[in-house]
Structure formats: C-alpha cells, structure tokens
Amino acid sequence: MTRVLTLVSGQSFGELALIHKQLRAARIVCQTLTQLAYLEKQEFKKIVSLALKQEVSEKGLFLKEISLF
C-alpha cells in the first residue's frame, strides 16, 4: 500500500468517482478514530451546483466593480 495523501478534518474524497461515474480509484485507511458522513449522488450534485452558482455570482459582482467591464 502506498500513501498518496493525508486528509485533515473537513476534507473529502471520492468525488471524482461521482463526477465521472466510476469506482473510486483508491482505498481509504483511517489512522485515528474518525467520523465520516456520506452523500448520495443527487445530494452531491445539488451541493456542487449551488457552489458553482455562488462562485459565478461572486465573480460577476467582482467584474461589475471594474470600470473596464
């Protein structure tokens, strides 16, 4: 087994499998007592969609502040 990444509180894994409709490419091994939560695909898509809308909105507000635009 090769360590690829160490995650800390609040980080996630497995999202690429949801996005690309594939199995996860790695196994997760916890080194300490850990609490996990999971999202169903529809919940994940809804959260990502809301985050993208917010990002686009924030960028639009930023561009409105620039006189060139």
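How many salt bridges does a search of the whole structure find? The search finds one. The model is a predicted one, and the salt bridge offers a way into it.

The two partners are lysine 59 and glutamate 55, whose side chains meet at 3.1 Å, taken from N to O. That value falls inside the cut-off, because a salt bridge requires the side-chain nitrogen to be within 4 Å of a carboxyl oxygen. Both residues belong to helix α2, which covers residues 41-64. Lysine 59 and glutamate 55 are four residues apart there, or about one turn of the helix. Glutamate 55 has a relative accessibility of 38%. It therefore counts as partly exposed, since that class lies between the buried limit of 20% and the exposed limit of 50%.

From this pair the view can widen to the fold. The protein chain contains two helices and zero strands. Its radius of gyration is 17 Å, whereas the globule rule gives 11 Å for 69 residues, so the chain is more spread out than a compact globule. Taken along the principal axes, the box filled by the C-alpha atoms is roughly 55 × 25 × 20 Å.

The surface and the charges complete the account. Of the 69 residues in the protein chain, 3% count as buried. The accessible surface of the chain is about 7,200 Å², and carbon and sulfur atoms account for 59% of it. The protein chain carries 10 positive and 6 negative side chains. The centres of these two sets are 8 Å apart.

Conventions: Residues are numbered from 1 along each chain as its sequence is written. This is a predicted model: local features need pLDDT of at least 70, side-chain atom pairs count only at pLDDT 80 or more; totals for chains, interfaces and linings use all residues. Side-chain values use heavy atoms; hydrogens and water are left out. Buried means under 20% relative accessible area, exposed over 50%, partly exposed in between (1.4 Å probe, protein chains only). The radius of gyration is taken over C-alpha atoms; the globule rule is 2.2 Å times the number of residues to the power 0.38. Accessible areas come from the Shrake-Rupley method with a 1.4 Å probe; for residues, only the protein chains shown count as cover. Lys and Arg count as positive and Asp and Glu as negative; His and the chain ends are not counted. The place of a charge is taken as NZ of Lys, CZ of Arg, CG of Asp or CD of Glu.
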